[in-house]
Amino acid sequence: MEEWRREHTGDVLCVACNQAEQIASCGDDGVILWSPDGQIIQRISESGSSPVTGVCYGADTNLYSVAGRSITSYDVRNLSKPLWRLLVAGSEDDELNQISVHERCTYVAACDDAGEVHVADVRTGKLYKTLRRQHENVCTSAQFRPRRAWELATCGLDCKMLRWDFSRGRPLQCELFGGDESAAAVKGKPKLGVMSGDPATMAAAHSTPMLNPPFLHQISFHQSGNALALAAEDGAIRFLSSSGRDDLRLARTFEGVHPSSASQVQFSRFQPDRLLVSAGNDCRVVAWDVEEVLSYALAGPRTDRKKTRKSPPPSSASSRNSVSLSPSIQEDEIGDSATGGAGKNTGNGGGEVQAPAVNHSMVAVHSSKINWLTTLPLSDKVVLADQTSAIKVYRIDH
């Protein structure tokens with residue numbers, strides 16, 4: 001693990017990067033821009049007393065941040081003043097939680113504690129639409145759907161995932177999670193690369209049953225727009241797919257690895273068709289090999305498919321390679337790698353079809369609860385914001 005200088009005065013709340021691997025981090029003291037090797041490029045001090053709770057890049061030169069009830073746009077080539085700042089109407093107590101940008105860099109979306117989502121036009125710096133009256137609690141994440149010009153997805157502490165047509169301000173789909181999802185569960189036990197802590201304690205925590213409700217904390221779309229991952233309070237990662245249709249349905253649930261809340265999930269930017277990275281309040285960073293599950297889920301239903309069939313054999317690449325987070329002080333194997341979990345595919349239709357399992361998952365035990373993660377597009381690294389003032393970087397060996 002690499003640790004950068006402790007330049008923030010408090011916890012690092014969010015990290016983001018652009019295609020050039022410039023990294024932005026934020027917290028109570030504003031925004032800091034970093035080079036890929038951990039050198040400070042510049043500091044940005046936000047006006048007002050509210051902490052900066054979220055940052056994201058649009059094009060390589062555009063940076064967006066949220067603090068309190070305001071959304072701010074910057075050009076990183078000239079940070080002397082912002083391009084625009086939008087104050088969103090609402091109670092000051094209902095802070096904006098996260099910000100994301102449309103793939104065409106034309107809109108940004110920020111969700112808030114009141115369960116509303118505010119979409120701004122980046123060309124004018126004005127509010128375009130507010131999506132409301134669907135989430136009954138805090139809206140924790142909002143992400144634009146790739147390859148769907150007018151869609152975004154949201155999730156929240158009401159255990160709901162919603163698809164929206166944000167041009168019309170209306171919901172297209174609502175999925176409420178909870179209850180028995182064990183039919184789609186992947187219960188394989190991963191190898192554990194221990195960064196700190198006692199292996200026996202970690203093994204005991206691994207077997208502890210989860211009692212937390214499935215509050216939803218984070219959304220990540222696959223670049224195809226046909227698959228979505230959700231990080232939940234009960235420690236499970238829910239994998240939804242559309243198989244070429246518009247609706248996203250639960251296809252698999254990856255569980256048994258995070259012993260408590262999973263707060264972050266992202267399809268890796270350097271291997272989006274293979275790796276899914278999650279992290280959470282259990283101080284674990286998990287790299288999931290979802291290559292076969294993803295390709296199977298995105299293949300779409302076939303009319304000539306029989307009612308039942310055996311799961312396809314593991315690919316040669318999957319059987320050759322495992323995924324690990326490096327460096328580790330030691331590795332302790334807890335059971336087999338996650339090749340089990342013969343759960344039924346519940347999301348693709350076409351009869352009860354048995355989907356392939358997740359081939360490997362590797363776990364690094366971090367030293368602190370994790371607030372945010374992002375993956376770099378070129379250098380196989382995961383950048384973490386945690387409950388310290390330093391940024392941490394892990395390299396994924398694959």
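**Exercise 1.** Does Asp289 count as buried or exposed?

*Solution.* Start with the model. This is a predicted model, where local features need pLDDT of at least 70, side-chain atom pairs count only at pLDDT 80 or more, and totals for chains, interfaces and linings use all residues. Residues are numbered from 1 along each chain as its sequence is written, and side-chain values use heavy atoms, leaving out hydrogens and water.

Next, fix the cut-offs. Buried means under 20% relative accessible area, exposed over 50%, and partly exposed in between (1.4 Å probe, protein chains only). Asp289 has 0% relative accessibility, so Asp289 counts as buried.

**Exercise 2.** Place Asp289 and list polar contacts of its side chain.

*Solution.* Asp289 lies in strand S26, residues 284-289. Strands (E, at least two residues) and helices (H or I, at least four) are DSSP runs, numbered from the N terminus.

A polar contact is a pair of N or O atoms within 3.5 Å; within protein, one must be able to donate a hydrogen and the other to accept it, and residues adjacent in sequence count only if both atoms are side-chain atoms. The Asp289 side chain makes such a contact with the side chain of Arg274, at 3.0 Å. The Asp289 side chain also reaches the backbone nitrogen of Glu291 at 3.2 Å.

**Exercise 3.** Do the same for Ala299: find its place and its exposure.

*Solution.* Ala299 sits in the loop between helix H2 (291-298) and helix H3 (316-320). Its relative accessible area is 56%, so Ala299 is exposed. Ser243 is 56 residues away from Ala299 in sequence, yet their C-alpha atoms are 6.2 Å apart.

**Exercise 4.** Describe the whole protein.

*Solution.* The protein has three helices and 34 strands. Of its 398 residues, 59% are buried.
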